[in-house]
Every structure is written in structure tokens, then in C-alpha cells.
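Me: Hi! I've just opened this one for the first time. Could you walk me through it?

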Amino acid sequence: MDYLIAVLTIAGISIIMALSFYLPFITGQISLAQAGFMAIGAYGSAICTVKFGIPYVPALVIGGIFAGIVGFILGIPALRIKGIYLLLLTLGFGEIVRVAGINIAYVGAAAGFPGIPYQKYSIVYAYAMVVILVIFFHRLRRSRVGRAFQAIGSDETAAEILGVNIVSAKLLAFSVGAVIAGIGGGIFAHYAEYIEPLMFDVMHGVEFIVFAIFGGIQIFWGPIFGALFLTLLPEFLRVIEHWRFELYGALLILMMIIRPQGVIGLDTVHALRKLFGKAVGRKGT
Amino acid sequence: MILQIRDVTKFFDGFCALNGVGIEVEKGRIHAVIGPNGAGKTTLFNLINGMYEVTRGEILFKGHSITDMKPHVRAKHGIGRTFQIVHLFDVMTVLENVMLGRHCKTKTGLLKTFFRFSTRELPEEKQTREIAMHWLEFVGLADKAAQVASSLPIGEQRCVEIARALALEPELLLLDEPAAGMNPKETMDLTSLISKVNEMGITVLLIEHNMELAMGISHVISVLNFGEKIAEGVPPEVQVNPDVIEAYLGRKK
């Protein structure tokens, strides 16, 4: 039972991280920085609880806001860069955060930050956050802002001549994505009780991208599915644990060949909706 | 004059795409811009839209200078546009595409979208959808509202793009080669659509290679060649203008 809770907690945090990648992704911004924002949220909230005695939930929020501010600052140069260059910029940022963590004595430097107060209901908070995010993305999809985000991701030029302020929309998506990652980091820190820079390195950033792209990029259920599936799978097939990144690589190649939109697509949602009536999704299309 | 292009010059590095072009577009007219390929017509549209910045010169819309305004601000002021190659949002439905035309006319932000207790639809959202459906009916594509935009044939995609631009409530509509790739029946439908739009009071600025359409529907025609305006007038005048004929057909030997 304890084991199940442990696995589900990590799965829940993975879902939050996959969704934090997905939000800027909708606007066409592919970010490898989410692990870095997670680190800022983790360290930020840990500093709040450990050094200042701030309670758990406010500490999470502060960690998230702090990550959001850094996301906003990083988001500004990111506006001008696309595709692979943005990937490099965000990768560089992630590395800066990691190296900063190794060198700042206040947060324990390379030895890490121990003694974070354990939150025994981490799983509850993690999935409460997941529920909040589901409502958020669901409302976003059928909203003016959500349509603008999708439009920017689809055709930035056309979106702009229709009156969409590309700069503020992309910045908004990028910053809020960072906030979400920061909150995920805070929940993680108070579950793991100990954090160190290596836990937030580039490869973790890559994992979140894999969750989202494998799971499905057409709708927010995709990253949720991807994170759940790829976090739980190693628990059922132990051997996979050692070959995790090889598996990710193989899965991605397979998906790009047979189903580039990922496992969960709009067609999946429509089919499920037909089966279950109103249980999945709401009115409209 | 709803649009005044004053002595507009555009250089792309060393290449001069437009040289001292001046065009005045009268409100309520259908004004065509024609010329051989490479004359600078689409560049001109991109400058009016704000996608490019002028190297020299001024552009005035409704009497105010818009030369330094970004594209999304110009849209808000009432300039709508369609493209030579259709720029629909492929992954979204036809209706969602047209609903985006309402973006600058609506204002629900992220906070209002998320932080509310009611699960009912926002009134602004309902209104957006209804107005979008209205424009889809106007172009005759209401039955395709739920289809993914990229699944429509090209002629219908163009009409969706026009509906989308109309949803913006433009006072000036820029149509870049709307008849490109259309068969005669589709072109006829398009011609009557443009007339209907103009009858509503919208000024139409039109780039067209289809001479029958351009000459048949326009009140005024400006002719560009190699980045310069070489002629301007009502269609019968332009048709017999020797410079225009030479631009298209070459000099008689």
C-alpha cells in the first residue's frame, strides 16, 4: 500500500510537470527549462518552510510565483527564438539553474538541501493540483485565450493579423507554465525531504517532454496519460527501469512513424465521449 | 480617404521591392491592385498590415498614421486580411477559426476564464460563437462549422478565411488573390461575395491576377510594375493604357 502511494505520488508530480511543458507548447514554444523551474520551485518552497517557517501551501505558492517570475524574465528573450534555438536557450537555462544550485552554499550547494519537512499527504496535494490543472486546461480550451494560444502555435502570422498580441500571449503561456513547474517542484521537495541539483537536470527536462509528446499533443489529456503511463510502466516491468531512456527513444521513434500526434488525440476523446456520453468532455464539438 | 499610402519605399537589404508608391483608397470602394508577378503587390499588403516595416514613407488609415503600429493593433483598428496561400489554423475547426476573428473585439482574459465558480458558458463566449456562425452563413459554409479546417477544399478554405477576416468587423478588407486556383463557378461565387461585402460598407482592397474579376468588380485599379505605380484609373482606362499593356505583354516590335 505504501509502495502504491509512493508510486502514485511520483506519477502525480510527473503529470504536473508534463502539463507545465504542455502549456507553452500549445503556443509553439518547446521548452527544456521546466526542470529548471521545478528546481526553483523546489528550492524556493524549501527555503520558505525550512528557513522561514512558512506553512506548506503558502510555501508552494511562493515557490511557484518565484518560478513564474524567472519564467517571465527568461520568456522575454525566448520570444524571438523558435524551434531548436529555443530548445537550446531553455536547455542552457536549465543548466544554469543546476550549476547555480551546486554553487550556492545557502541551499547546501552540491551536498543538497536536506531536512525539508515531510508532507505526508503529498499525494493528496499532488492530485489536487492535477484536478486544478484539468479544470484549467479544460476551460482554457474553450476560451478566447485558449484559442489564441492554439492559433499562435498553428500560424503565428495569421494570429497576429487577427489582433492577437503574440508577445503577451507567449509570455503568459511561458510564465504560467513556469509557475506550474514551480508548484510541482514544491510538492516534490516536501515529499522527497531532500533535494539536490542533479534531481533537476536536463534529462529530467527531456522526460517531461517525452511524457507530453508520447502521451498526445492535441489535447491536455495526452500529457496526463503519457506521464501516468511512463511513470507506472517501470513499476510493472522492472527491467525497463534500467533501459528507461532507451525505451523513451524507441517509443518516440515508433510514435512518430505510426501516430505522430501521440497516443491520445482528438479522435480518442471523441470516441470515448461517444462511449461514455457526458462523462468525458462537455458540450460542443 | 480611408487608406493613404504616401511615398512608400521598401528595401529588403539591397533589393528595392517598392519605390515611392502612392495610393489613395476611397472609403466604400472596391480598389484593385494589379501587376505582373514580382511587382510588389503582396509586399504592399504586408506593409499595410504591419507585417513589414516601411523603409521610407507613411501609411495613414482613417486619417491617422499607422506606420509604426504593430499588426495586431492595426487589426484592432479595423484592417482585415486574407492571404495568397490560405493561412487557416489547420488543426482547429472551421468555426474555431472564424471565432478567432473576434479576438480583438472581445476581452476575456486568463483570470476570468479560470477563476469562476459557475460552469455555464460565459456570455461573451456564446456571443462570439453566434457571430462567428453568422459570418459562416454569410459565406455559405455554416454546415461545415464543425469540420477541421484543413479538410475543406481550397476554395472553401478561402471563404472561411474571408469569414474569419469579416468577424473582425473590418472597415478595410485586404484580399490577396482570393480567386487563385478557383474554377469559373467558384470565381463567380467569390465575385458576388465580394460585392455583398462591399455593399455592407466595407472598403475592399484587392490583389488579383484574374483580370475578368479585377476589371469587372473594381471601381478603381492601381497598376504596379517593378515596385512602382505605373497607372491608375477606372478599369476601362487601365485596360487601354499602353504602359500597362507593355508591362504584361511586352513592347510591340
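Me: Let's start with α1 of chain B. Is it enclosed or open, and why do you say so?
Reply: Happy to help! Keep in mind that this is a predicted model. As for α1(B), 8 of its 9 residues are buried, so the helix is largely enclosed by the rest of the structure.

Me: Which residues of α1(B) are buried?
Reply: The buried ones are B:Lys41, B:Thr43, B:Leu44, B:Phe45, B:Asn46, B:Leu47, B:Ile48 and B:Asn49.

Me: And what follows α1(B)?
Reply: B:Gly50 does, and its phi is positive, near 100 degrees.

Me: I can see a sheet in chain B too. What's the strand order?
Reply: It is an open sheet of 6 strands in the order β6-β7-β8-β3-β9-β10, with mixed pairing. The edges are β6 (79-82) and β10 (228-233) of chain B, each of which pairs on one side only. On average, neighbouring strands in this sheet are turned by 15 degrees against each other, ignoring direction.

Me: How does β6(B) connect to β7(B)?
Reply: The two strands run parallel and are joined by 4 bridges, with β7 covering residues 172-176 of chain B. To pick out one pair, B:Arg81 has B:Leu174 in β7(B) as its bridge partner.

Me: Back to α1(B) for a second. Which strands does it touch?
Reply: Helix α1 (residues 41-49) of chain B packs on the sheet and touches β3 (30-34), β6, β7, β8 (203-207) and β9 (220-225) of chain B. Its direction makes about 150 degrees with that of β7(B).

Me: What about α6 of chain B, which strands does that one touch?
Reply: Helix α6 (residues 154-167) of chain B also packs on the sheet, where it touches β6 and β7 of chain B. The angle between its direction and that of β6(B) is about 170 degrees.

Me: Now β3(B). How many of its residues are buried?
Reply: 5 of its 5 residues are buried, so to speak of β3(B) as mostly covered is fair.

Me: Which of them point which way?
Reply: B:Ile30, B:Ala32 and B:Ile34 point one way from the strand, while B:His31 and B:Val33 point the other way.

Me: What are the bridges from β3(B) like?
Reply: There are 4 bridges to β8(B), and those two strands run parallel. One of the residues involved is B:Ile30, whose bridge partner in β8(B) is B:Val204. Another 4 bridges join β3(B) to β9(B), again in parallel. There, B:Val33 has B:Ser222 of β9(B) as its bridge partner.

Me: Switching to chain A. How many helices and strands does it have?
Reply: Chain A has 12 helices and 0 strands. Its radius of gyration is 18 Å, close to the 19 Å that the globule rule gives for 285 residues, so the chain is as compact as a globular protein of that length. Along its principal axes, the C-alpha trace spans about 50 × 45 × 35 Å.

Me: How much of chain A counts as buried?
Reply: 52% of its 285 residues do. For contacts in chain A between residues at least 6 apart in sequence, 77% join residues at least 24 apart.

Me: How do α1 and α9 of chain A cross?
Reply: The axes of α1 (residues 2-26) and α9 (residues 202-215) of chain A come within 8 Å and cross at roughly 75 degrees. These two helices of chain A, α1(A) and α9(A), are therefore roughly perpendicular to each other. Residues making the contact include A:Phe21 and A:Phe25 of α1(A), and A:Phe208 and A:Phe211 of α9(A). By class, the contact has 9 nonpolar residues, 2 polar and no charged.

Me: Tell me about A:Gly222. Where does it lie?
Reply: A:Gly222 lies in helix α10 (residues 221-236) of chain A. It is buried, with 27 other C-beta atoms within 10 Å. A:Gly222 and A:Val263 are 41 residues apart in sequence, and 6.9 Å apart in space from C-alpha to C-alpha.

Me: Last one: how many residues of each chain are in contact?
Reply: 22 residues of chain A are in contact with 28 residues of chain B. On the chain A side, α6(A) gives the most, with 7 residues. That side has 10 nonpolar, 7 polar and 5 charged residues.

Technical notes
Residues numbered from 1 in each chain as written. Chains lettered and ligands numbered in written order. Predicted model: local features only at pLDDT ≥ 70, side-chain atom pairs only at ≥ 80, totals over all residues. Rg over C-alpha atoms; globule rule 2.2 N^0.38 Å. Buried ≥ 20, exposed ≤ 12 C-beta atoms within 10 Å, placed from the backbone. Contact = placed C-beta atoms within 7 Å. Nonpolar A, V, L, I, M, F, W, Y, C, P; charged D, E, K, R; others polar. Axes fitted to C-alpha atoms, helices over the stretch in contact; angles between N-to-C directions. Parallel < 35°, antiparallel > 145°, perpendicular 65-115°, else oblique. Pairing = 2+ DSSP bridges.
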